[in-house]
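Biologist: I would like a close look at one part of this model, explained step by step for someone new to protein structures.

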Amino acid sequence: MSHLGASAVRTPHEVLTCYYQAMLDKSPDDLADLYATDAVHEFPFTSPGFPSRFEGREAVRAGYRAAWSAGPAQVQEVRRIAAYETADPEVIIAEHVVVGTLPAKAATFTVPGLLILQVRKGLIARVRDYMDGSGVAAARA
């Protein structure tokens, strides 16, 4: 992941780029390091066996470590469809499609999603993460 200088504060677009890179790298540490200590990550459309939210940076780290280490899915690409700025300069809305493989089954999958990121002082304060639950279930199967 590309790191900015210690005094630089990431914009919401820069945070989004780092977020996608952490997904590609399947790095729970790089992902969690983008969050404020008291951040909230919500999953309004949950899939079976997945929580509806993580509260705090360390919960994000632990949750993604567990999810990514347990699943055989390998992310090959995160296609950024669009990123929308809002009237609130701290908020960005992003559409994407995650493309990956299930090596054991020699199968591919695609999971469309929508992120609403609130970035305060260069760190994620809140995420609403809308994923295609059936696509996630297929990728985790």
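Which residue in β6 does L117 stand opposite, and what surrounds that strand?

Modeller: The model is a predicted one. In it, L117 stands opposite V127 in β6. The two residues belong to a pair of strands, β5 (residues 107-120) and β6, which run antiparallel and are joined by eight bridges. Elsewhere along this pairing, V119 stands opposite I124 in β6. The chain passes from β5 to β6 through a hairpin with two residues between the strands. In that hairpin K121 takes a positive phi near 55°.

V127 also has a partner in β1: H41 stands opposite V127. Here the pairing is parallel, with four bridges between β1 (residues 35-42) and β6 (residues 123-131). So β6 is paired in the parallel sense with β1 and in the antiparallel sense with β5, where two strands count as paired if at least two bridges are found between them.

L117 has another partner too, since I92 stands opposite L117 in β5. Strands β4 and β5 run antiparallel, and twelve bridges join them. They form a hairpin with four residues between the strands, and A106 in the turn has a positive phi of about 50°.

These pairings belong to an open sheet of six strands with mixed pairing, in the order β2-β1-β6-β5-β4-β3. At the edges are β2 (53-55) and β3 (74-85), each of which pairs on one side only. From one strand to the next, the twist averages 20°.

Helices lie against this sheet. Helix α3 (residues 57-70) packs on the sheet and touches β1, β2 and β6. Its direction makes about 55° with that of β1. Helix α1 (residues 12-25) lies across β1, β3, β4 (91-102), β5 and β6, and runs at about 165° to β3. Strand β6 is therefore among the strands met by α1 and by α3, if contact is taken as heavy atoms within 4.5 Å.

Next come the aromatic rings. In the whole structure, a search finds six aromatic pairs. One of them is Y19 with Y20, an edge-to-face pair at 6.3 Å centre to centre with 80° between the planes. Both of these tyrosines are buried. Another pair is F43 with Y64, whose ring centres are 6.5 Å apart. The planes of F43 and Y64 are at 50°, so this pair is tilted. The pair links distant parts of the chain, 21 residues apart: F43 is in the loop between β1 and β2, and Y64 is in helix α3.

Are these two rings buried or exposed? F43 has a relative accessible area of 2% and is buried. Y64 is at 7% relative accessibility and counts as buried, because the cut-off for buried is under 20%. F43 and Y64 also belong to a cluster in which ring pairs link F43, F54, Y64 and W68.

To return to the residue asked about, V127 in β6 has L117 opposite and H41 opposite as well.

Terms used: Residues numbered from 1 in each chain as written. Predicted model: local features only at pLDDT ≥ 70, side-chain atom pairs only at ≥ 80, totals over all residues. Heavy atoms only, no water. Axes fitted to C-alpha atoms, helices over the stretch in contact; angles between N-to-C directions. Phe/Tyr/Trp six-rings, centres within 6.5 Å; stacked < 30°, edge-to-face > 60°. Buried < 20%, exposed > 50% of the residue type's maximum accessible area, 1.4 Å probe, protein only.
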